[in-house]
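Trainee: Could you take me through one part of this structure in detail? I would like to look closely at the place where the ligand sits and at what surrounds it.

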Amino acid sequence: MTHPLHIVILTGAGISAESGIDTFRDAGGLWENHPIEHVATPEGFKADPVLVHRFYNLRRAALSTVKPNAAHVALGQLQREFKGQVTLITQNVDDLHERGGSSDVIHMHGELLSAFCSACDHRWRQVEDLSPQSPCPACQTRGGPRPDIVWFGEMPYQMRRLETAVKACDLFVSIGTSGAVYPAAGFVHLANTFGAQTLELNLEPSQGSAAFDDARHGPATELVPEWVRSTLA
Ligand code: BV8
């Protein structure tokens with residue numbers, strides 16, 4: 001492959017699996033026997049805010065018990081040393097890319113360590129648990145705060161910026177995602193349409209595997225450092 005000038009990377013839960021964060025598939029798409037599509041929705045939150053706050057409180061608290069792995073660190077090195085442009089998009093809501101040395105990470109599905117107020121839209125860094133009684137730090141509305149997470153049925157963040165990058169890139173690399181959730185799962189088709197080379201690095205073939213020019217299967221902590229080394233060579 002000729003040296004790519006602009007690489008777009010999309011990561012999913014699989015890149016954090018070896019850090020000890022369960023993927024959605026490992027959990028069988030369930031959390032405490034609730035389908036995640038029911039918990040991770042505005043309707044689910046409205047119906048049972050205690051359950052949904054618990055879902056995110058537990059995952060937010062777990063962040064302090066896990067560490068970035070060699071795949072996160074390799075992507076941080078790529079961003080620092082690659083001569084061209086790197087756009088890093090993640091579906092993950094954890095902070096392991098940042099702790100692995102990456103910068104300007106685009107969290108298209110939001111972040112566990114962020115919250116916003118549904119009454120006044122104020123956003124802030126949130127580390128402690130939230131509850132339906134939590135007051136907004138800005139407007140004091142009790143019950144206003146919610147996890148800054150893009151739920152099913154909500155528009156992912158920075159979509160215009162993401163689509164512009166995917167259309168403009170020379171190489172689109174998908175890492176650790178099952179290709180089950182849209183619009184992220186559609187990015188490979190957009191990249192193909194606009195002439196990019198496409199590469200999948202995943203434990204097993206994803207739902208969209210056939211759409212990639214090249215697909216390598218194995219653990220991210222082996223595939224990603226190896227791919228970064230060859231890209232920087
Ligand atoms: C929207 C935050 C519109 C929550 C998440 C019917 C057909 C098509 C689409 C739809 C449909 N019905 C509804 C939709 C739209 C829906 C959707 O796609 N649903 C799916 C279920 C069919 N999408 C949406 O609702 C999106 N919004 O469409 O808005 C709109 C339009 C106008 C105006 C307003 C709105 C919003 C989707 C975002 C939902 N939020 N996350 C939270 O985290 O709690 S999605 C969540 O699940 C993740 O963020 C991620 O995106 C997804 C899970 O995917 P993965 O990350 O890929 O994880 P998964 O476990 O599935 O796979 C892990 C992979 O890693 C596997 O392949 C495995 O092999 C691999 N792996 C494992 N270990 C390793 C490994 N790889 C390497 N190394 C390892 N060690």
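Mentor: Happy to, and a good way in is the contact between the two domains: 17 residues of domain 1 are in contact with 14 residues of domain 2. Keep in mind that this is a predicted model. Domain 1 is made of residues 1-21 + 68-109 + 157-233, while domain 2 takes in 22-65 + 110-149. Their centres, taken over C-alpha atoms, are 26 Å apart.

How much area is buried between domain 1 and domain 2? The figure is about 1,200 Å², and carbon and sulfur atoms give 52% of that area. On the domain 1 side, I21, V93 and Y157 lose the most area to domain 2, and together they make up 42% of what that side buries. This way of describing an interface is a common one: its size is often given as the accessible area lost when the parts come together.

Now to the ligand itself. Both domain 1 and domain 2 give residues to the shell around the ligand, so the ligand lies between them. That shell holds 35 residues, of which R25, R59, G153, T177 and S178 come nearest. Sorted by character, the shell residues are 18 nonpolar, 11 polar and six charged. Among the secondary structure elements, helix α3 (residues 49-62) gives the most to the shell, with three residues.

Some individual atom pairs are worth picking out on your screen. T177, already named among the nearest residues, has an N or O atom in its side chain 2.7 Å from an oxygen atom of the ligand. Backbone atoms take part as well: a polar backbone atom of A13 is 2.8 Å from a ligand oxygen. For V150, a backbone N or O atom lies 2.8 Å from a nitrogen atom of the ligand. As for the ligand's surface, on its own it has 1,500 Å² of accessible area, and the protein covers 75% of that.

Before you leave the model, have a look at two backbone details. Y182 and P183 are joined by a cis peptide bond, with omega about 0 degrees, and P183 lies in the loop between β9 (171-175) and α7 (187-193). The other detail is D104, a residue other than glycine with a positive phi, near 50 degrees. You will find D104 in the loop between α5 (96-99) and β5 (106-107).

How values were computed: Residues are numbered from 1 along each chain as its sequence is written. This is a predicted model: local features need pLDDT of at least 70, side-chain atom pairs count only at pLDDT 80 or more; totals for chains, interfaces and linings use all residues. Side-chain values use heavy atoms; hydrogens and water are left out. A residue is near a molecule or strand if one of its heavy atoms lies within 4 Å of it. A polar contact is a pair of N or O atoms within 3.5 Å; within protein, one must be able to donate a hydrogen and the other to accept it, and residues adjacent in sequence count only if both atoms are side-chain atoms. Accessible areas come from the Shrake-Rupley method with a 1.4 Å probe; for residues, only the protein chains shown count as cover. Helices (H or I, at least four residues) and strands (E, at least two) are DSSP runs, numbered from the N terminus. Ala, Val, Leu, Ile, Met, Phe, Trp, Tyr, Cys and Pro count as nonpolar, Asp, Glu, Lys and Arg as charged, and the others, Gly among them, as polar. Domain bounds come from an automatic or database domain assignment. Contact means heavy atoms within 4.5 Å. Buried area is the accessible area (1.4 Å probe) that two parts lose on being put together, summed over both.
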